[in-house]
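Biologist: I have a chain to look at and some questions about it. Can you put it up, so we can go through it piece by piece?

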Amino acid sequence: MNRFDLASLMKTTEEELFRPGGNFDTLFGHDPETVKQARFVLAVALTAADAYYARLTSDAFCLREADEAGTRAGEGTE
């Protein structure tokens, strides 16, 4: 994910998180320190989710290639 994508996703999610009277606001409030910490955690979570989905995509590609080549673990060893 590039910086633009991250900023866009953060903006969308922040609108939900910091909606007055919303779940997050009701549970945690919206003082400046809480908002600062929430933004940091949000950025970490989005970056981790991006890395996770990139890994899933890479793994799926490798498995498909192995299937096509017939080299998946345990195959062709009879």
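Biologist: In which helix is E14 found?

Modeller: First, the ground rules: this is a predicted model, where local features need pLDDT of at least 70, side-chain atom pairs count only at pLDDT 80 or more, and totals for chains, interfaces and linings use all residues. Residues are numbered from 1 along each chain as its sequence is written, and side-chain values use heavy atoms, with hydrogens and water left out. Helices are DSSP runs of H or I with at least four residues, strands are runs of E with at least two, and both are numbered from the N terminus. By that naming, E14 is found in residues 3-17, helix α1.

Biologist: Is E14 buried or exposed?

Modeller: Buried means under 20% relative accessible area, exposed means over 50%, and partly exposed is in between, with a 1.4 Å probe and protein chains only. E14 has a relative accessible area of 16%, so E14 is buried.

Biologist: Which residues is E14 in contact with, leaving aside neighbours within four places in sequence?

Modeller: Contact means heavy atoms within 4.5 Å. With the sequence neighbours within four places set aside, the partners of E14 are R39 and L42.

Biologist: What caps the N-terminal end of α1?

Modeller: Look at the backbone nitrogen of F4. A side-chain oxygen lies 3.1 Å from that nitrogen, and the capping residue is N2.

Biologist: How far does α1 reach from its first C-alpha to its last?

Modeller: The expected span of a helix is 1.5 Å times one less than its number of residues. For the 15 residues of α1, 21 Å is expected. The model comes close to that, at 20 Å.

Biologist: And how far apart are the end C-alpha atoms of α3?

Modeller: α3 has 38 residues, so at 1.5 Å a residue it should span 56 Å. The model agrees: the end C-alpha atoms are apart by 56 Å.

Biologist: Which residues of α3 are buried?

Modeller: Cover for these residues includes α1 and α2, the latter being residues 23-28. The buried residues of α3 are T34, V35, A38, L42, L46 and A66.

Biologist: Which residues does A43 touch, not counting those up to four places away in sequence?

Modeller: A43 lies in helix α3. A43 and L9 are 34 residues apart in sequence, with 9.2 Å between their C-alpha atoms. Beyond the four-place limit, A43 touches L6 and M10.

Biologist: What does M1 touch, not counting residues up to four places away in sequence?

Modeller: M1 is found in the segment before α1. It counts as partly exposed because its relative accessibility is 39%. Outside the four-place window, M1 touches L6, L9, L46 and D50.

Biologist: Which nonpolar patch forms on the surface?

Modeller: Patches are made of residues with over 30% relative accessible area and no salt bridge; like charges are joined within 9 Å, and nonpolar side chains (Val, Leu, Ile, Met, Phe, Trp, Tyr) within 5 Å. Accessible areas come from the Shrake-Rupley method with a 1.4 Å probe, and for residues only the protein chains shown count as cover. Here the patch has about 310 Å² of accessible area together, and its members are F40, V41 and V44.

Biologist: Is F40 buried or exposed?

Modeller: F40 sits in helix α3, residues 32-69. Its relative accessibility is 59%, so F40 counts as exposed.

Biologist: How many salt bridges are there?

Modeller: Side chains of opposite charge can pair when their charged atoms come close. A salt bridge is a side-chain nitrogen of Lys or Arg within 4 Å of a carboxyl oxygen of Asp or Glu. By this rule the count is five.

Biologist: Which residue does E15 meet in a salt bridge?

Modeller: E15 is partly exposed because its relative accessibility is 45%. Its partner is four residues apart from it in helix α1, so about one helical turn separates the two. The N to O distance is 3.3 Å, and the partner is K11.

Biologist: What is the N to O distance between R64 and E68?

Modeller: Both lie in helix α3, four residues apart, about one turn of the helix. E68 is exposed because its relative accessible area is 62%, while R64, at 46%, counts as partly exposed. Their side chains meet in a salt bridge at 3.7 Å.

Definitions and conventions. A polar contact is a pair of N or O atoms within 3.5 Å; within protein, one must be able to donate a hydrogen and the other to accept it, and residues adjacent in sequence count only if both atoms are side-chain atoms.
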